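Please take a moment with the sequence and the model before reading on. The paragraphs that follow go through charged pairs, a surface patch and a pocket in turn.

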Amino acid sequence: MPQNGKSGVRQAGDVVLPYALSAKESATRCAQQASTYLGPKARLAATQARLRYDAELVPRLERAKVAAGPAKEHAARRSAAAMAALRGDITPSEIQAVVRRRERRARAGRLARRLGMLGLLAGGAVAAWKWWSAQTDPDWLVEPSPATEVPTEPEEQALG
C-alpha cells in the first residue's frame with residue numbers, strides 16, 4: 001500500500017509538470033514585460049522623488065535645524081549642568097546661588113523696563129501738557145504790555 005501512495009504522487013507530479021513549466025514561463029514573460037513597461041516609469045518616479053527631496057525637503061530640514069539651534073544649545077547647557085551636579089562638581093548651594101542671581105537679574109530687568117516706560121509716559125504727558133498749554137494760551141492772544149518811555153536827562157535832574 002505504501003508503494004501505491006508514492007506512485008500516485010509521482011503520477012500526479014508527472015501530470016502537473018507541464019502545467020507548472022508553462023506557468024513558470026508565463027510568469028517569467030509577464031515579469032519581463034512588466035519590467036520593460038514599468039522600469040522607465042519607476043526610474044522616472046525615483047528621479048522625480050530625488051529632485052523633490054533636494055528641492056523641498058532639504059531646505060525645510062535646514063530651516064528646522066536653524067530654528068532648533070538655540071533650543072539645542074540650551075538643552076546641551078542644561079544637560080551639562082545636570083551631569084556636573086550628578087557627579088558632584090557643583091554643590092546645591094552653588095546651584096541656589098545661580099538661581100538667586102538669575103532671579104535678581106530678572107527683577108532688575110523688569111524694574112528697568114518699568115522705569116523706562118514710566119519715563120516715556122511722563123515725557124509724553126509733559127509734551128502733551130505743553131502742547132495743550134500753547135493751544136489754550138497762544139502768544140497772539142496775550143495783550144502786549146504798555147510801552148515804557150525812557151526819561152530824558154533834564155527830567156532826571158528835576159526829579160533828583
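A salt bridge is counted here where a side-chain nitrogen of Lys or Arg lies within 4 Å of a carboxyl oxygen of Asp or Glu. With that rule in hand, and keeping in mind that this is a predicted model, one can turn to Arg 87 and Asp 89, which form such a bridge with their closest N and O atoms 3.2 Å apart. Arg 87 has a relative accessible area of 54%, and because exposed means over 50%, this residue counts as exposed.

By the same rule the count comes to three salt bridges, and the other pairs can be followed along helix α1, which covers residues 2-87. Arg 52 is bridged to Glu 56, and the closest N and O atoms of this pair are 3.4 Å apart. The two residues stand four apart in helix α1, so about one helical turn separates them. Arg 52 counts as exposed because its relative accessibility is 54%, while Glu 56, at 36%, counts as partly exposed.

Further along the helix, Lys 65 forms a salt bridge with Glu 62, and here the closest N and O atoms are 4.0 Å apart. Lys 65 and Glu 62 are three residues apart in helix α1, so these two are also separated by about one helical turn. Lys 65 is exposed, with a relative accessibility of 57%, whereas Glu 62 is partly exposed, with a relative accessible area of 42%.

Helix α1 also holds Tyr 19, a residue that counts as exposed because its relative accessibility is 62%. Together with Val 15 and Val 16, Tyr 19 makes a nonpolar surface patch of about 330 Å².

The last feature to look at is the largest pocket, which contains about 390 Å³ of space. The elements that each give two or more residues to its lining are α1 and α2, the latter covering residues 92-136. The largest share, six residues, comes from α1. Which residues line this pocket? They are His 74, Arg 77, Arg 78, Ala 81, Ala 82, Ala 85, Ile 90, Ile 95, Val 98, Val 99 and Arg 102. Sorted by character, the lining divides into seven nonpolar residues, one polar residue and three charged residues.

Notes: Residues numbered from 1 in each chain as written. Predicted model: local features only at pLDDT ≥ 70, side-chain atom pairs only at ≥ 80, totals over all residues. Heavy atoms only, no water. Patch = residues over 30% accessible without salt bridge, like charges linked within 9 Å, V, L, I, M, F, W, Y side chains within 5 Å. Areas by Shrake-Rupley, 256 points an atom, 1.4 Å probe, with all protein chains shown as cover. Buried < 20%, exposed > 50% of the residue type's maximum accessible area, 1.4 Å probe, protein only. 1 Å grid on protein atoms, 1.4 Å probe; cavity = no way out; pocket = protein on both sides within 12 Å on 5 of 7 lines; lining within 4 Å. Points joined across faces, edges and corners; volume = space filled by probe spheres on them. Nonpolar A, V, L, I, M, F, W, Y, C, P; charged D, E, K, R; others polar.
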